[in-house]
Amino acid sequence: MKYQYSYEEQWQPKDLLVTFRLYQLNLDGNGSRVYQKYWNESAVHFVEEEVSAHVFPAL
């Protein structure tokens, strides 16, 4: 599992601004493919450098 990016979203029903981190595990081994839906839909998105250096071992 690998960190890809972070994005902000207004979370309902409490109307709170929340920062989500997207972690992804491609089971087919293609680590270059990244799910872009939340990156494209969010006005505020970014890559946290200190988080991107950490990779979780495969389960």
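Arginine 21 makes a handy starting point in this predicted model: with a relative accessibility of 45%, arginine 21 counts as partly exposed, because that label covers values between 20% and 50%. Its side chain meets the side chain of glutamate 48 in a salt bridge, with 3.0 Å from N to O. This pair links distant parts of the chain, since arginine 21 sits in strand 2 and glutamate 48 in the loop between strand 3 (45-46) and helix 2 (49-52), 27 residues apart. The two partners don't get equal cover, though: glutamate 48 has 14% relative accessibility and so counts as buried, while arginine 21 is partly exposed at 45%. As for the general idea, side chains of opposite charge can pair when their charged atoms come close.

A search of the whole structure turns up two salt bridges. Besides the pair just described, arginine 33 forms a salt bridge with aspartate 28, and the closest N and O atoms are 3.0 Å apart. Here arginine 33 is partly exposed, with a relative accessible area of 39%, whereas aspartate 28 reaches 52% and therefore counts as exposed. The cut-off for that label is over 50%, so aspartate 28, at 52%, falls on the exposed side.

Next come the aromatic rings. The structure holds six aromatic pairs. In one of them, the rings of tyrosine 3 and tyrosine 23 have their centres 5.7 Å apart and their planes at 65°, so this pair is edge-to-face; the label applies because the angle is over 60 degrees. Tyrosine 3 belongs to strand 1 and tyrosine 23 to strand 2, so the pair links distant parts of the chain, 20 residues apart. Tyrosine 3 is buried, at just 2% relative accessibility, while tyrosine 23 is partly exposed at 29%.

Another edge-to-face pair joins tyrosine 5 and tryptophan 39, whose ring centres are 5.2 Å apart and whose planes meet at 75°. Because tyrosine 5 lies in strand 1 and tryptophan 39 in helix 1, this pair ties together parts that are 34 residues apart in sequence. Tyrosine 5 is buried, with a relative accessible area of 2%, and tryptophan 39 is partly exposed at 26%. Both residues also belong to one aromatic cluster, formed by Tyr5, Tyr7, Phe20, Tyr35, Tyr38 and Trp39.

Helix 1 also holds glutamate 41. With a relative accessibility of 59%, glutamate 41 counts as exposed. Going from glutamate 41 to tyrosine 5 means a step of 36 residues in sequence and 13 Å in space, taken from C-alpha to C-alpha.

Back in strand 1 (residues 2-11) there is glutamine 4. This residue is buried, with a relative accessible area of 14%; the label fits because buried means under 20%. What does glutamine 4 touch, leaving out residues up to four places away in sequence? Its contacts are Leu22, Gln24, Val34 and Val47.

For a look at the surface, there is a nonpolar patch of about 410 Å², made by Met1, Leu25, Leu27 and Phe56. One of these residues, leucine 27, is found in the loop between strand 2 (16-24) and helix 1 (37-41). Leucine 27 counts as exposed, at 79% relative accessibility.

Finally, the backbone has a couple of oddities, and it helps to know what usually happens. Most residues other than glycine have a negative phi, and most peptide bonds are trans. In this model, the peptide bond from glutamine 12 to proline 13 is cis, with omega near 15°. Proline 13 lies in the loop between strand 1 and strand 2. Aspartate 15 is found in the loop between strand 1 and strand 2 too, and its phi is near 55°, a positive value in a residue other than glycine. As for cover, aspartate 15 is partly exposed, at 48% relative accessibility.

Terms used. Residues are numbered from 1 along each chain as its sequence is written. This is a predicted model: local features need pLDDT of at least 70, side-chain atom pairs count only at pLDDT 80 or more; totals for chains, interfaces and linings use all residues. Side-chain values use heavy atoms; hydrogens and water are left out. Patches are made of residues with over 30% relative accessible area and no salt bridge: like charges are joined within 9 Å, nonpolar side chains (Val, Leu, Ile, Met, Phe, Trp, Tyr) within 5 Å. Accessible areas come from the Shrake-Rupley method with a 1.4 Å probe; for residues, only the protein chains shown count as cover. A salt bridge is a side-chain nitrogen of Lys or Arg within 4 Å of a carboxyl oxygen of Asp or Glu. Helices (H or I, at least four residues) and strands (E, at least two) are DSSP runs, numbered from the N terminus. Buried means under 20% relative accessible area, exposed over 50%, partly exposed in between (1.4 Å probe, protein chains only). Contact means heavy atoms within 4.5 Å. Rings of Phe, Tyr and Trp (its six-membered ring) pair if their centres lie within 6.5 Å; planes under 30 degrees apart count as stacked, over 60 as edge-to-face and the rest as tilted.
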